[in-house]
Amino acid sequence: MPQSPGHATQPIVSRHVAVIGAGAAGLVTARELRREGHSVVVFERGDQVGGLWVYTPNVESDQIGLDPTRTTVHSSVYHSLRTNLPRDSMGFSDYPFVAKDDPDRDPRLFPGHREVMMYLQDFAREFGIDELVRLETEVVRVRFVEEEEKWKIKSKQRHKEMDEIFDAVVVCNGHYTQPLVSHVPGINKWSGKQMHSHNYRDPKPFQDQVVVLIGNSASAFDISRDLVGVAKEVHIAARTVKCETFGKQPAYDNLWLHPMIKNVCEDGSVHFQDGSFVIANIIIHCTGYKYHFPFLETNGFVIVDDNRVGPLYKHIFPPALAPWLSFVGIPFQVITFPMFELQSKWIAGVLSNRITLPSQEEMMEDVKALYSSLEASGTPKRETHALDDKQVKYNNWLADQCGCPAYEDWRMEMYYATIKGRLANLESYRDEWETQHLVLQAYDFIKPASNQTTSVPEI
């Protein structure tokens, strides 16, 4: 094993570790834990691995997502969803996300959701992760038993409940399931319907309707373009705009961009902050998600406050419970899969004693320093885990701790090229990729790591 800055002098040990979730984060975490010599059980409440990338036409009983007793659906994927980053930038270091020479697969540089799911399922089979996963098994409760210094997990499979003891728990349940809903003045008396984009699947139910979407994220953009072919009118209410202008949108007869909603009224009207209004049938909240860990009992050592999960050392370890509790996948505005891999390598090495964490006090000081710097820069608490430009430094720090090679430059070049392309041509950036040299550079890098039958992705 490589030496690292946090290399430990304690004997290497194997732990019994629970991983919650079998999406991208849970699958790569299970692999890294097993590679490090730990025994692993992965809990997955769905009927197949792949997490949020497993599409279902099913939606929740309360489509706005406010009723705590609603029937819940994990996936937020809509039928037309494609990745908003090039596939090559998304792959794991030794299992690249390359286009397969198979007519049943999606060879595009920005593939659809099914291709991502199939990549993750291929990954699970390739590394034997399937055998570690308990499908259709919901984690009901996770709590630390102080007298035993172990974690007790209660899980439920169909109608059977089970209690088990683990040395450590890694939470990989994602953060795209619990809807975050915008406050709209007057909404309780408004005559129209509401839903969250979490429950949007396809445009058919919106035939001839007037639809208002709140938000200017990727989902709001995709869904609005989905709807223009069937809806009577589509109106987007956005706090800020990056590459569009307010008003009627070019190339569309029925698409408008507005400032945020001021209020709504009983007569079905939706009033915007610029004084304009429309009579609408439905409002779709494309307003993001909350971190949500309903199964986790930590006696207040980990809380979610204004969408800040904390305190977490390096967005992973709660100092008071480290290393026995950890989280993979908390940061956002990142290239996710490679970050998951580095986070899980670090966790695996810490649990085996190969890598040493700082003391609890030192970890807390680091968290406090982060919070202070965010406050000084005017960053809202809810953006604590937004890395964006900071992700290279973060990933390289993790790689250094693990004794891994530094984060590849071409991944971030692809990331920034995508942002530039999106700003220049929001409608077609996925299909008009102008930096083919980055694809070839990525392909040269990943080809030796892949045993798959591959081809250069289609632009």
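**Exercise 1. Locate Pro323 and Pro311, and describe the peptide bond that precedes each one.**

Solution.
Step 1. Pro323 lies in the loop between β22 and β23. In this predicted model, β22 covers residues 308-310 and β23 covers residues 325-327.
Step 2. The bond joining Ala322 to Pro323 is a cis peptide bond, with omega at about 0°.
Step 3. Pro311 is also placed in the loop between β22 and β23. The peptide bond from Gly310 to Pro311 is cis, and its omega is near -5°.
Step 4. These bonds deserve a note because most peptide bonds are trans.

**Exercise 2. State the confidence of the chain, and identify a stretch where the pLDDT is below 50.**

Solution.
Step 1. The average pLDDT of the chain is 93, and 94% of the residues score at least 70.
Step 2. The pLDDT falls below 50 over residues 1-5. Beyond near neighbours in sequence, this stretch has 14 contacts in the model.

**Exercise 3. Describe how helix α5 packs against helix α7 and against helix α1.**

Solution.
Step 1. Helix α5 consists of residues 336-351 and helix α7 of residues 391-402. Their axes are 9 Å apart and meet at an angle of about 35°.
Step 2. The crossing in which α5 passes α7 is left-handed.
Step 3. On the α5 side, the contact is made by Met339, Leu342, Gln343, Lys345 and Trp346. On the α7 side, the residues are Tyr394, Asn395, Trp397, Leu398, Ala399, Gln401 and Cys402.
Step 4. Sorted by class, this contact of α5 with α7 comprises 8 nonpolar, 3 polar and 1 charged residues.
Step 5. Helix α1, residues 24-35, packs with α5 at an angle of about 35°, and the axes are 8 Å apart. The crossing of α1 and α5 is right-handed.
Step 6. From α1, the residues Ala24, Ala25, Val28, Thr29, Arg31, Glu32, Leu33 and Arg35 take part. They meet Phe337, Phe340, Glu341, Ser344, Lys345, Ala348 and Leu351 of α5.
Step 7. The contact of α1 with α5 has 8 nonpolar, 2 polar and 5 charged residues. Lys345 of α5 appears in the contact with α7 and in the contact with α1.

**Exercise 4. Place Asn396 and classify its accessibility.**

Solution.
Step 1. Asn396 belongs to helix α7.
Step 2. Its relative accessibility is 26%, so Asn396 counts as partly exposed.
Step 3. Apart from neighbours within four places in sequence, Asn396 contacts Ala406 and Tyr407.
Step 4. Asn396 and Met339 are 57 residues apart in sequence, and their C-alpha atoms are 9.9 Å apart.

**Exercise 5. Decide whether Asn199 and Ser269 are buried or exposed, and describe their surroundings.**

Solution.
Step 1. Asn199 sits in the loop between β10 (193-196) and β11 (210-214). Because its relative accessibility is 3%, Asn199 counts as buried; the cut-off for buried is under 20%.
Step 2. The side chain of Asn199 reaches the backbone oxygen of Gln63 at 2.9 Å. Not counting residues up to four places away in sequence, Asn199 touches Val59, Glu60, Asp62 and Gln63.
Step 3. Ser269 is in strand β16, which runs over residues 269-272. With a relative accessible area of 2%, Ser269 is buried.
Step 4. The side chains of Ser269 and Asp267 are joined by a polar contact of 2.6 Å. Neighbours within four places in sequence aside, Ser269 contacts Trp190, Asn263, Val264, Phe277, Val278 and Ile279.

**Exercise 6. Report phi and accessibility for Glu136 and Arg158.**

Solution.
Step 1. Glu136 has a positive phi of about 50° although it is not a glycine. For Arg158, phi is also positive, near 55°.
Step 2. These values are worth recording because most residues other than glycine have a negative phi.
Step 3. Glu136 is in the loop between β4 (133-134) and β5 (137-145). Arg158 is in the loop between β6 (150-157) and β7 (160-166).
Step 4. Glu136, at 38% relative accessibility, counts as partly exposed. Arg158 has a relative accessible area of 57% and is therefore exposed.

Notes. Residues are numbered from 1 along each chain as its sequence is written. This is a predicted model: local features need pLDDT of at least 70, side-chain atom pairs count only at pLDDT 80 or more; totals for chains, interfaces and linings use all residues. Side-chain values use heavy atoms; hydrogens and water are left out. Axes are lines fitted to C-alpha atoms, for helices over the stretch in contact, and angles run from 0 to 180 degrees between N-to-C directions. Helices (H or I, at least four residues) and strands (E, at least two) are DSSP runs, numbered from the N terminus. A crossing is left-handed if the near helix is turned anticlockwise from the far one by less than a right angle, and right-handed if clockwise. Contact means heavy atoms within 4.5 Å. Ala, Val, Leu, Ile, Met, Phe, Trp, Tyr, Cys and Pro count as nonpolar, Asp, Glu, Lys and Arg as charged, and the others, Gly among them, as polar. Buried means under 20% relative accessible area, exposed over 50%, partly exposed in between (1.4 Å probe, protein chains only). A polar contact is a pair of N or O atoms within 3.5 Å; within protein, one must be able to donate a hydrogen and the other to accept it, and residues adjacent in sequence count only if both atoms are side-chain atoms. pLDDT is the predictor's confidence in each residue, from 0 to 100.
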